[in-house]
Protein chains: 6
Amino acid sequence: MSRPDGRAADELRPLSFQRDFTEMAEGSVLVSFGNTRVLCTASIDDDVPRWMRNSGKGWVTAEYSMLPGASPERISREAAKGKQSGRTVEIQRLIARSLRAACDMKVLGERQVTVDCDVLQADGGTRTASICGGFVALHDALQRLVIAGELAANPLHSFCSAISVGIVDGTAVLDLPYIEDSTAEVDMNVVMLRSVGANGQPEGEARFVEVQGTAEGMAFSRSQLDTLVGLAEGGLLTISDAQAAVIAEPPAPRPAQR
Amino acid sequence: MSRPDGRAADELRPLSFQRDFTEMAEGSVLVSFGNTRVLCTASIDDDVPRWMRNSGKGWVTAEYSMLPGASPERISREAAKGKQSGRTVEIQRLIARSLRAACDMKVLGERQVTVDCDVLQADGGTRTASICGGFVALHDALQRLVIAGELAANPLHSFCSAISVGIVDGTAVLDLPYIEDSTAEVDMNVVMLRSVGANGQPEGEARFVEVQGTAEGMAFSRSQLDTLVGLAEGGLLTISDAQAAVIAEPPAPRPAQR
Amino acid sequence: MSRPDGRAADELRPLSFQRDFTEMAEGSVLVSFGNTRVLCTASIDDDVPRWMRNSGKGWVTAEYSMLPGASPERISREAAKGKQSGRTVEIQRLIARSLRAACDMKVLGERQVTVDCDVLQADGGTRTASICGGFVALHDALQRLVIAGELAANPLHSFCSAISVGIVDGTAVLDLPYIEDSTAEVDMNVVMLRSVGANGQPEGEARFVEVQGTAEGMAFSRSQLDTLVGLAEGGLLTISDAQAAVIAEPPAPRPAQR
Amino acid sequence: MSRPDGRAADELRPLSFQRDFTEMAEGSVLVSFGNTRVLCTASIDDDVPRWMRNSGKGWVTAEYSMLPGASPERISREAAKGKQSGRTVEIQRLIARSLRAACDMKVLGERQVTVDCDVLQADGGTRTASICGGFVALHDALQRLVIAGELAANPLHSFCSAISVGIVDGTAVLDLPYIEDSTAEVDMNVVMLRSVGANGQPEGEARFVEVQGTAEGMAFSRSQLDTLVGLAEGGLLTISDAQAAVIAEPPAPRPAQR
Amino acid sequence: MSRPDGRAADELRPLSFQRDFTEMAEGSVLVSFGNTRVLCTASIDDDVPRWMRNSGKGWVTAEYSMLPGASPERISREAAKGKQSGRTVEIQRLIARSLRAACDMKVLGERQVTVDCDVLQADGGTRTASICGGFVALHDALQRLVIAGELAANPLHSFCSAISVGIVDGTAVLDLPYIEDSTAEVDMNVVMLRSVGANGQPEGEARFVEVQGTAEGMAFSRSQLDTLVGLAEGGLLTISDAQAAVIAEPPAPRPAQR
Amino acid sequence: MSRPDGRAADELRPLSFQRDFTEMAEGSVLVSFGNTRVLCTASIDDDVPRWMRNSGKGWVTAEYSMLPGASPERISREAAKGKQSGRTVEIQRLIARSLRAACDMKVLGERQVTVDCDVLQADGGTRTASICGGFVALHDALQRLVIAGELAANPLHSFCSAISVGIVDGTAVLDLPYIEDSTAEVDMNVVMLRSVGANGQPEGEARFVEVQGTAEGMAFSRSQLDTLVGLAEGGLLTISDAQAAVIAEPPAPRPAQR
């Protein structure tokens, strides 16, 4: 089988993290996986939800949205409909759970960070791109607190990356664009952690925090599941290396804000 | 490790399907896994959503709710809050996707079946119990159409069953009650299909339609994932056998309705 | 005139109170009037609404819902519509007012009890069944506080029971099932109190707390109103005796909860 | 006992119907019972709700609202809260049911009339005043159709009037202002029909369409109920005579509208 | 060009302020511009929104609504739709901003005044009539606080008046009724302040606080804009004189309230 | 007075239109005025709202939103709150009215174009930037229809541009960033049309379609109003020239879409 864009089955789309694409939020990254582009910003609130006060711990949450013009067929604006769709709610819960798994809430202290993932252009894999970009935005926002002396250390103990895998026409493939995603028999999203080593680089084995596989028309066997997770693992190692390369450099100081 | 209720790690809680617990909806089952009890009803609408008209195909959807008194701490009623929670939306999407995977929509024809899963008592595993009970309610509603001559054959080509597995104190366990679920390091829901054989009994190998694993505090390795899926598979074979035993008998005729 | 189910005009449907049908809420009763079945649970909150704090008084509130599968034609789920219907709101206000009339709020102290009435199967008279069953659930929840030493006495000074009466084909009848209710010319709900005597049994004359009569197609005269209220009174004495028989026995101790 | 405003127990407050207080809607009446003032308008739509099409019958519905400045303590605007209160919903259902009981839907034909009752000033009895004023507005709107030759006869077969009665300090009183209403032990609303005779005047005996009695702190006996209904009946005869006096004169022609 | 109602291009419709049309709110005015009639009430709350506490300053806000029967074609009730329209929101923001511009918030102190503008009859210019009437209601509510000794001086430093102007068939006209408004090429609302002099009368030059001009089909030039503003200014001087005439007399004492 | 960023009072911020910043919607422009950046997309729907069907005319509408991370202090997501703010509604109504004024709806035919303006970064003037960028996105979407032969000519008869002006510290200034906007005594938005000449360049005099001036603390005189409009006019001529320069080149063909 050849893929529509000519990639090998285990090959990622071109991937980039454009740091500080905007400059208002404490962290801001425009992440691209091929034509999928998501603007991820991290905003820090020096307060936590009421039920966490006096716990000494912080919280990380996430919100997700598709811009109406992100797709060839316009997507109705949820603010206008007055309601987030079930899909949106599911995705933002996944993003938040994934990022929280990478963060030491005691080191964070009583602060809440909101990671907003707004999809500027959608071509498959928007939720996993949001996690990958959201991680870098979250890192930068927290690192700026470290630089400012407000945090002793960056609370992120692990890299957090995510990717989709699936079975298309009977073949397991990595990082599906819309055209593959819409015809896949099995669709799976995998989120992985890798520890941040002493030198700031990933170290140790990969561990999973989310595995969400859904059959669309063809159920899958245990060995297919294993193949898919293995395929994901390969892509995720590449992604976490790319995240590490970006954050090896500290985030640039922000101009004095308004 | 011993489990709070003394079960073996790979042992299900006492399981029962109380058929026709109510008699108004076309299918009705009260399913119990230990103290978890869910009333599942299947209602048939001789119409499909607008976007499916003239497709010759049917649709299966699901709704889920916890009764406010289902838990020791009262759960706010979503109708009163005017909004379903993210958790509810996620669960009912899972139930619906799972049941649809077992159903041949062309055989169903242009009808919509709504499977309502209302949790009367919650002690862990309510979403997987809903799928198991919802399958039987859906079967009975459709079988009554077969008996009435409105359908040539039951559109369900496979049994659909679901169970939770998890890692508690480092041990993989099957079918977690609330007390285990609330402290599990890893929590996974697995949904399986088995073909309905010529004799109405399950046959052939198990295939998966949903695998949703989430780390809560401890990420998991590929081999742990495999162990958990294997543990689920064992329980699911037992559950589908129990479903098969129930439906071996055709549903009782309904009294003439109001 | 003969009634569809062969009852005499002043005869109740078979009536039962299944105590502790569920075991999570502090009080739980499955009440049946013929095919009408309502699960009533009472949950205690050791706090009162803000406007009642420091008043030394408690509060009783109620919520009501029909399960979607409770009726032959599926009822849309209000949580999914994002709104309770006018009918629902009216009914839960009636249930709450009725139960409050039986309760001494100073004896209750600063606690709020929520009585949830979820209709599992609907065949007429769901609101009056909810009041009857809700009373027993409320009693049990409060009595368990007495047993636990948290209340000096049960704050319920009166039995509270309710029934529907109506005029069908010109005849006044008691306890209408759906088939009668849908064609009744006059429809009336009556809620009655009887004092709890020293021996825990009802004593003294019946007193009314709610009389809600509505003409559906045929207005009624003052003497018809009187006849209907008299008919209701007879049924209500039987119901309150049945409630008294149930609560003559103290509620069973609950297993230690999760 | 003497009443705060010096009235006898069976005396109504000063009552007036100011016809065509506004001139846009097809019927418009400002009704006053003492300080309670409600603007009632009736608007005709030459269409019926979808479920009534091709039935040959019409429909009458009602909406009710309190203006925020209608009371000494400002009432939150329901449009701003995005939700009608339970009280509002209950009241507008009562108004609509009452007016429908007076109207022959076949004579009305496939039209919908909406009666809007907006309380400009609230001093007790706003729902019963709304019914009384709404009846006159509805009459005028329909009579203008008769005058225009669009209806053969006015579909209102009966006068419809309503009043509150209650027990205050142990005494049954008629037409309670807020100061009495807020301390009444029993509160009852009664809606009555009287046939429109050949001469357009009320004739025949009074018949009831709604009796809604609620104990507030003191339950009531069957004989008290009878006393209250009798007291209401006296007031209602006076009110329907006043309505008849107003509509004895046909409504003035409307200036050509924009 | 002659206007439909025969007025000169720079002539206002008959204008009146009916003070204390209702008597519950602290200030109440029924304002009329021709057939446009708006009931404006001002209600005082001895608290401010949370974000203003301890600022020593007060706040003035406004709400606006059209009664459903205010127009020949019934207007859907926003409370029933569960949402205020964009038009409503825009108008009430304009009213509030305009009235706040006339008020010294430090003199007001930590109180919030809500000015409710409910349109009883709509014939063009409802938002500007609301501002004119709202000003008088606000004045009276505040003046009653002065009379009661709760305020040292009335916080209104300026008269606030508003009017619409427009270009109809190429001619600039003042105070457009619906029939002109619906065909105007340009539509403009102008809000003006004039200082309250030592004698309580307007003094000094007019100043603008809002100029909102919108082309409907024909864009306008700078000189047309200037002509329209000049036309508005003339009308506004007349209106503010009328407001001054009303408030020259102090508001009548209120009867002791319930 | 010197401005914080050193500009002359009548000088615009650096302005750019980044065409086809995304490639899914039919038109897409990232517009920048200094740090203010808005992504404008235009999506074409080959249908019109029901009330316009069979009118032979098209419609242009607009939606506006601020991304939560667009500002130093995170802005709550309206989709999560379930409601668009009054400010949002006002702004999107302004954008839509302005763009409609430039478009010949008969030439457009029965199509609806939705212009979405999503603010990626907010530093004052987001609504006027949205109009300027939205015009170019709308142009490109329509021009692609012309190129595809679906439209005979581009329905935009005029350039549409917008800018803010204000009085800061007593001085009239053009194009206010947040730091000026937040302290301005007068704030005004001006929207202007200029005809599209035969060569596609602006020609003829400027005409206004919206002038919205609001005093914030200091009312303004007629001559100040005139000064502000003149200042805006200068800036708007520059902006429309810039728009003309962009669209002088036809939009690039789109890659075949998914």
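Trainee: How many salt bridges does a search of the whole structure find over all chains?
Mentor: The structure is a predicted model. A salt bridge is counted where a side-chain nitrogen of Lys or Arg lies within 4 Å of a carboxyl oxygen of Asp or Glu. Over all chains, the search finds 114 salt bridges.

Trainee: A:Glu63 forms a salt bridge with which residue?
Mentor: The closest N and O atoms of this pair are 2.9 Å apart. The pair crosses between chains, from strand β4 of chain A to the loop between β4 and α1 of chain F. The partner of A:Glu63 is F:Arg77.

Trainee: Is F:Arg77 buried or exposed?
Mentor: A residue counts as buried under 20% relative accessible area. A:Glu63 is buried, with a value of 16%. F:Arg77 has a relative accessibility of 7%, so this residue counts as buried.

Trainee: How many residues apart in sequence are the parts that E:Arg7 and E:Asp175 tie together?
Mentor: The side chains of E:Arg7 and E:Asp175 meet in a salt bridge, at 3.9 Å from N to O. E:Arg7 lies in the segment before β1 of chain E, and E:Asp175 lies in the loop between β7 and α5 of chain E, so the parts tied together are apart in sequence by 168 residues.

Trainee: What is the relative accessibility of E:Asp175?
Mentor: Its partner E:Arg7 counts as buried at 8% relative accessibility. E:Asp175 also counts as buried, and its relative accessibility is 1%.

Trainee: Which residues are linked with A:Arg7 in a network of salt bridges?
Mentor: The network lies in chain A, and A:Arg7 is one of its members. The residues linked with A:Arg7 are A:Asp5, A:Arg13, A:Asp123 and A:Asp175.

Trainee: As by what kind of axis are chain C and chain D related?
Mentor: Chain C can be laid on chain D with an RMSD of 0.0 Å by a turn of 180° and a shift of 0.0 Å along the axis. The two copies are therefore related as by a two-fold rotation axis.

Trainee: Which residue of chain C has the C-alpha nearest the axis?
Mentor: The axis is that of the 180° turn laying chain C on chain D. In chain C, the nearest C-alpha is 2.2 Å from the axis and belongs to C:Gln212.

Trainee: What area do chain C and chain D bury between them?
Mentor: In this interface, 25 residues of chain C are in contact with 25 residues of chain D. C:Glu90, C:Phe208 and C:Arg222 supply 25% of the area that chain C buries against chain D, more than any other three residues. Of the area buried between the two chains, 53% is on carbon and sulfur atoms, and the total is about 2400 Å².

Trainee: With which residue of chain C does D:Glu233 form a salt bridge?
Mentor: The count between chain C and chain D is six salt bridges. In the one formed by D:Glu233, the closest N and O atoms are 3.2 Å apart, and the partner is C:Arg222.

Trainee: Which element gives the most to the side of chain C that touches chain D?
Mentor: α2, β9 and α6 of chain C each supply at least two residues of that side. The element that gives the most, with nine residues, is β9(C).

Trainee: How many of the 16 residues of α2(D) are buried?
Mentor: Helix α2 of chain D covers residues 86-101 and reaches 23 Å from its first C-alpha to its last. Its buried residues include D:Glu90, D:Ile91 and D:Leu94. The helix is mostly covered, and the number of buried residues is 12.

Terms used
Residues are numbered from 1 along each chain as its sequence is written. Chains are lettered from A and ligands numbered from 1 in the order in which they are written. This is a predicted model: local features need pLDDT of at least 70, side-chain atom pairs count only at pLDDT 80 or more; totals for chains, interfaces and linings use all residues. Side-chain values use heavy atoms; hydrogens and water are left out. Helices (H or I, at least four residues) and strands (E, at least two) are DSSP runs, numbered from the N terminus. Buried means under 20% relative accessible area, exposed over 50%, partly exposed in between (1.4 Å probe, protein chains only). Copies are superposed by least squares on the C-alpha atoms of residues with pLDDT of at least 70 in both. The expected span of a helix is 1.5 Å times one less than its number of residues. Contact means heavy atoms within 4.5 Å. Buried area is the accessible area (1.4 Å probe) that two parts lose on being put together, summed over both.
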